[in-house]
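Me: Please take a close look at one part of this model. Start with a single helix residue and its surroundings, then work outward to the rest of the chain.

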Amino acid sequence: MGSGQPVAVFGAYGHTGRFVVAELAARGYVPVPSGRNAQALRELADGHGLEARVASVEEPSSLDRALAGTVAVINCAGPFASTTGPVIEAALRAGIPYLDVAAELEANLDTFAHYRERAQAAGAVIVPAMAFFGGLGDLLATAAMGDWTKADEAHIAYALSSWHPTAGTRLSGAVSRERRGDVRLRYRGGQWEQRTDAAPTLQWTFPEPLGVREVIGEFTMADVVTVPQHLSIPDVTTYMTAEAVRDVAASHTPAPTAADESGRSEQTFLVDAAVRSGGVERRASAGGQDIYAVTAPLVVEALDRVLTGRTKTVGVASAGEIFDAPDFLHALAPHITLDLHPQGA
């Protein structure tokens, strides 16, 4: 448990940030809420009896003050294309671990490209995309690999009962589209490809009781960044149920609303990861409630493992690379249902 250690949460008053603050407190840490909106920070801090620290990515000294005396920082503030660099730099200056919940492809690619050598040389720990997108799928694919050292393909399929996007999701998506233009990205043959054709509509057989569902193929999410950073797999593809894609694409879809006392929405999810090599397939899946809420136990479990030395490397590392994937997934038992399927030969 956290034993009262202070942890900075940048973007603490956002939808996901609030879940992270609550999870940190539940595990014995002292959240230190930070961000640029002074009023939202005060309201959050006053409600939890915490110290608010106003900070902006445009003012490095304000970030230094926000991180002073903390043992780590969790970045929950999108669009991450704007926040990851400044907050990572502040964490490096403070000599503390950095974790984020970024789902933006470009932001995560930038983190690996720009900070891998510096963080490795400094012995620093930077864990990007430690969230539902990027972290959970990576852990599942890594667990499915078992004793394999390489595979031909990795496929990660998402079944969401609905997808009511937060304001942060919409803003991050807009930033990615502005940066990428009319192209979409996929990962084939060990490299990124830019595509201008429409993503294919396919069928995916999820574990029961879901069964066969229509999915949008090559619906490229952060797992396609995190998985090939450490697993020798030249083709990595993610899929999303078609209903969820229609939800998130529609401008009139409302933001998520709380359905229980914890603030979770009614949304349910199932993530199904399959790795294939030489005609043999291995799978792992996990289900739960609310993709935003489950990000909190994911990133806080990661934080706890970093701070207690239960890691396998330093530098910039994705979830499956730095943590024992099966052990990590089993530790999430209160929050997810897990099925590590019988593995192939």
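Reply: Thr16 sits in helix 1, which covers residues 15–26. Is Thr16 buried or exposed? Its relative accessibility is 15%. The cut-off for buried is under 20%, so Thr16 counts as buried. This is a predicted model, and the values here are computed from it.

What does Thr16 touch, once neighbours within four places in sequence are set aside? The contacts are Val101, Tyr292 and Thr295.

A second helix residue gives a further case. Ser62 belongs to helix 3, residues 60–67. Its relative accessible area is 2%, so Ser62 is buried. Beyond the residues up to four places away in sequence, Ser62 touches Val54, Ala55 and Ser56. Arg36 is 26 residues from Ser62 in sequence. In space, the C-alpha atoms of Ser62 and Arg36 are 9.6 Å apart.

Now a strand residue. Pro6 is in strand 1, which runs over residues 6–10. With 26% relative accessibility, Pro6 counts as partly exposed. The buried class stops at 20% and the exposed class begins over 50%, so a value of 26% falls in between. Leaving out neighbours within four places in sequence, Pro6 contacts Val30 and Val32. Pro6 also contacts Gly69, Thr70, Val71 and Ala72. Val314 makes a useful reference point for distance. Pro6 and Val314 are 308 residues apart in sequence. Their C-alpha atoms are 22 Å apart in space.

Next, the aromatic rings. The structure holds nine aromatic pairs. One of them joins Phe133 and Tyr158, with ring centres 5.0 Å apart. Their planes meet at 70 degrees, so this pair is edge-to-face. Phe133 lies in helix 6, residues 132–145. Tyr158 lies in strand 7, residues 153–160. The two are 25 residues apart, and the pair links distant parts of the chain. Phe133 and Tyr158 are both buried.

Tyr187 and Trp192 form another aromatic pair, also edge-to-face. Here the centres are 5.4 Å apart and the planes stand at 70 degrees. What is the burial state of each partner? Tyr187 has 10% relative accessibility and so counts as buried. Trp192 has a relative accessible area of 29% and is partly exposed.

Ring pairs also build a cluster. Its members are Phe132, Phe133, Tyr158, Trp163 and Phe269. The Phe133 and Tyr158 rings described above are therefore part of this cluster.

Finally, the whole chain. It has twelve helices and 16 strands. For 345 residues, a compact globule would have a radius of gyration near 20 Å. The chain has 19 Å, so it agrees with that expectation. Along the principal axes, the C-alpha trace spans about 55 × 45 × 40 Å. Of the 345 residues, 54% count as buried; Thr16 and Ser62 are among the buried residues. Among contacts with a separation of 6 or more, 69% come from residues 24 or more positions apart.

The accessible surface comes to about 14,100 Å². Carbon and sulfur atoms hold 50% of that surface. The chain carries 27 positive and 40 negative side chains. The centres of these two sets lie 2 Å apart.

Technical notes: Residues are numbered from 1 along each chain as its sequence is written. This is a predicted model: local features need pLDDT of at least 70, side-chain atom pairs count only at pLDDT 80 or more; totals for chains, interfaces and linings use all residues. Side-chain values use heavy atoms; hydrogens and water are left out. Helices (H or I, at least four residues) and strands (E, at least two) are DSSP runs, numbered from the N terminus. The radius of gyration is taken over C-alpha atoms; the globule rule is 2.2 Å times the number of residues to the power 0.38. Buried means under 20% relative accessible area, exposed over 50%, partly exposed in between (1.4 Å probe, protein chains only). Contact means heavy atoms within 4.5 Å. Accessible areas come from the Shrake-Rupley method with a 1.4 Å probe; for residues, only the protein chains shown count as cover. Lys and Arg count as positive and Asp and Glu as negative; His and the chain ends are not counted. The place of a charge is taken as NZ of Lys, CZ of Arg, CG of Asp or CD of Glu. Rings of Phe, Tyr and Trp (its six-membered ring) pair if their centres lie within 6.5 Å; planes under 30 degrees apart count as stacked, over 60 as edge-to-face and the rest as tilted.
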